[in-house]
Structure formats: structure tokens, C-alpha cells
Amino acid sequence: MAHNFVTDRLSCRQVLNIMVILGFMFNYMLRVNLTIAIVAMVIPSNKTDISHTSATATECSDPGNATLLSDKPTQLPESFDGLRFQWDEYEQNIILGCFFWGYVMTELPGGRLAEIIGGHRVFGYSMLSASVLTLLTPVAARLDYTAVVVLRVLLGLMLGATWPAIHPMTARWIPPTERSKFMSNMMASSLGAAITMPVCGFLIASLGWESVFYVTGVVGLVWSIAWFFLVFDSPAQHPRISEEERRYIESSIGGATSHGKVHRVPWLRILTSPCVWAIIITHGASVFGYFTVVNQLPTYMKHILHFNIKANGLLSSLPYLGKYVFAVLTSALADHLLRTERLSRTATRKIFTAFALGVPSVTMIGQMFLGCDRAASVTFFTVALTVNGAVCGGYLGNGLDIAPNFSGTIFGMANTLSSLGGFLSSLMVGMLTQDNQTYAQWRKVFGIIAGTYAGGAVVYTAFGTGRLQSWNAVHTDDKDGTEPEKFPLRSDKA
């Protein structure tokens, strides 16, 4: 009786949802733990932070908001006493940035590998390896900073494969009218970042910086073991799934997704498909804007508005929490519109994408004119990052609409470009503001972000579609090689 109660209340899809949410939370936890711990790992420099305060003070002096946030930097307790390293700023930046060297290399291979051997193994073994590497970080740090660099590159190689690996699993497990909601689970990475920051700070203050890597590494290991026991590549392979749930999933997905078949990638068709490039370009634009705001916001707050946003835990976490909550809400709405046939799949994807990128574009334009107001700045940045979560109802899962058999490959291509966008973001801000930290220069940054967001929205609106593409099917009876969509939702004309 208890067994029936549990299976009735918790389906295999629900278990998959829970594990994916936790997986992306811990995925980001393993990624950002060093960015917090390195503050305690390095002997503080005695250099005085010299900035062009005279220029910024005259540009952005706002005494009325001077008490909005404390300007005190986050400091370690006086009782802290642990091993620390003499890494200069160059070495620290190499350690923090080298993660992306490996990350960009496995995005595309990871997506394709998941299509061949299954996302279950790619995601699981990548997280398992990343957890072990995390546990080894304190040992590497004691050897030399180059050992940490090598380890972080390997960590990037492992975690780079995880994001595109989830798409092939989604294609086999999640019915088309539930996929927007499922894709919002990827935004749990934002939730992971919001939780990791204060938790790691507490661990450092209580047990020292080594505890950050030991605790996060063990958490990742426990999740990885649970993943292999609870999650499988398809309903047909799951030993504990009910016959009713298996039939429902397979009938809902239909023939658009191959089950266990390995198809040769139609590279020419993919690379010449406008709707594929719409996803790639839009994802690149969205992530470029997101990374620029998240990574450069503390610098802007410090040099232009004269306070450090990292000094306030609420404002540090608010954009991450907002993006996740908004992603869940908007993706549920998108699935409802598809399920009730209120909108076509193409219209739904375009509307949510335009909203998710259009609103941040407008807020960045507002930042160009009201950026000296602290309250307005915090509001603009928070709204921009929060509303961007609506991409889950838009382009983020669009690869599953147009080509579920190659969704991992498509997202791997898109995430490779977006990862490179992270480099370009830092390069762009550095070129514009180096030795010239003025509001006038930051207005240029905000203008570029606004234009990038708007450009992504325009490209997707023009070339995006929700229709299944002919090249998704390899074995068909049609002479033209097309396969009819198995889940039509009204007219889906672009």
C-alpha cells in the first residue's frame, strides 16, 4: 500500500525534475565556489585601490541615496588563521578565468555524446568527475597555482558537457507541452549561485577556506551517486516506471524523437538552417548581456556609485532568485498556452523570447540616463536579470521543437558561442573603462548591452520557428525526407 502511495504521488518524471533541479544547483556550486573561497586563500595586497574618483564624483554624486548600502567590504573575522597563498592579481585572474578554457571545448562534443550514449551518463559522469576535482582543489593549491589552473581547466571540461547533455534526455522523457517548464530547471543554476554565496562565506568564517571545497565536493558526490540510481536515459530503460506513465510519455512524444537510435548529424542542413542560427545568435546575445551585468555590476557599483554590491547579501542574491522564480512562472505559462492551444508553438517561442530580451534592453537604455541614481540602478539591474528568465518559455528549449534528435548538438553550438561571449564581455568592458572609470564610458557599455539584447530579440522574431524540421528525421517514408509533426498545436506557421 505504501509503495502504491509513493508511486502515485511521485512519478519518474517528477523524480527526474527534482534531480535535474538539484543537479544544476550543484553544477553551479562546483563552478563558483572558488570565486568566493579565493578571497580567503590569498594574502591581501597592500596596494591602495586607485581609481578616478574625482571624475566619477562629479558625474555621479547622489547624497540623497548615500545610505542605501554600506560601503564596507566583506572581511574575514579577525580570528581567521589558515594557510594562504601569495598569488598576485595576474595569477588570481588566470585561476578564475581558466575554467572557461575547458568549458568551451566540451559544449558541442558533450551535446553530441549525449545523443549517442545518453544524457544520463554524460551528465552523471561529468558531475562525478567535477566533484572529485573539487575535493582535490586544496591539495592542488598547496602544490602550486599552476596545479589549480590545470584542475580548473579539467573542471571546465567536465561541466561544459553537462548543459547540452540535458536536451537529449528531455527529448526522450518530457512531453512537448511540458518542456518549457522542464527547461526552467536549468535556471536552478541561478538558485545554486544565490545559495552558494552565503553558505561558502559561512564555511570560510567557521572552518576555513578548505571546507568550501570539501563540503561542495561531497555534496556533488552524493548527488552523482543518487543520479545513477534514480535516473535513466529513457522511460523504456527505467526499471521502476509504471506501464501507464511509460505509455503516456511515449505516446505524447510520438515519432519526432528516436528512442535509442544514433543518427548521423546532418551538418550541412543544420549549419544552413536559419532557425538554428536564430537560436545560436539569440542565446549568445542573451548570455552576453547576462554575464556583462552579473560580472561587471560590482565594478560599476564600486567605482561609479561608490559602494560594493557584494557587501549586501540580499542584493547579491536577489537577481539570481528572481531569475529562477520568473523562469518557473513564465515557462509554466508557456506550456499552458501550448496545451490549451491558445497560441501556436512558433508564436509562443517568439513572444516569450522577445519579452525576455526586450525588457532587459529597455532597462539598459534606462540605465544610460538614470544610472547615477542608486535605487534606479539596482531596480534596472534586478529587473533585467529577473525578466531574462522568460527565455525558458522562449528559445531555450526551441531545439527540442525543431530537431529533438539533434537538440544536444544545437544547444552545444549555442552554448559554445555564449561562452565565448563571456570573454568578449570582459574584454569589451576592460577596453572601455581601463584607467577611465567614468559614467560616460559606462553609458557606452549599457548601450552595447541594450543593442545586443535588442538584436537577439529581432533575430529570433525574424527567423525563429517552432516547427519540426525535415532534417530531424533520418528514416522516413516521405520522398522529400520530411516527417509530419506528431504534436500539432493549431497552425504553426512562422
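**Reading contacts, core and helix packing**

User: Which residues does S234 touch, not counting residues up to four places away in sequence?

Analyst: Contact means heavy atoms within 4.5 Å of each other. With those sequence neighbours left out, S234 touches R172 and W173. Keep in mind that this is a predicted model: local features need pLDDT of at least 70 and side-chain atom pairs count only at pLDDT 80 or more, while totals for chains, interfaces and linings use all residues. Numbering runs from 1 along each chain as its sequence is written, and side-chain values use heavy atoms, with hydrogens and water left out.

User: Where does S234 sit, and is S234 buried or exposed?

Analyst: Look at relative accessible area: under 20% is buried, over 50% exposed and in between partly exposed (1.4 Å probe, protein chains only). S234 is in the loop between α13 (210-230) and α14 (243-253), and counts as buried because its relative accessibility is 6%. Across the protein's 494 residues, 56% count as buried.

User: How many helices and strands are there?

Analyst: Both are DSSP runs numbered from the N terminus, helices being H or I over at least four residues and strands E over at least two. Here you get 22 helices and zero strands.

User: Which residues touch the most other members of the largest nonpolar core?

Analyst: A core here is a set of buried Ala, Val, Leu, Ile, Met, Phe, Trp, Tyr and Cys residues joined through side-chain atoms within 4.5 Å. This one has 125 residues, and L16, M41, W87, I166, W227 and Y300 touch the most other members. Helix α2 (residues 12-41) gives the most, 18 residues. The core lies between domain 1 (9-44 + 86-236) and domain 2 (266-472), because both give residues to it; those bounds come from an automatic or database domain assignment. Leaving out residues up to four places away in sequence, I166 touches V20, F24, F123, F182, M186 and W227.

User: At what angle do α6 and α10 pack?

Analyst: Axes are lines fitted to C-alpha atoms, for helices over the stretch in contact, with angles from 0 to 180 degrees between N-to-C directions. Helix α6 (residues 107-117) and helix α10 (residues 162-173) pack at about 25°, axes 7 Å apart. Under 35 degrees is roughly parallel, over 145 roughly antiparallel, 65 to 115 roughly perpendicular, and the rest oblique, so α6 and α10 are roughly parallel. On the α10 side, the contact residues include P168 and R172.

User: What about α6 and α7?

Analyst: The axes of α6 and α7 (residues 119-135) come within 6 Å and cross at roughly 130°, which means α6 is oblique to α7. The contact is made by G110, L113, A114 and I117 of α6 with G119, R121 and V122 of α7.
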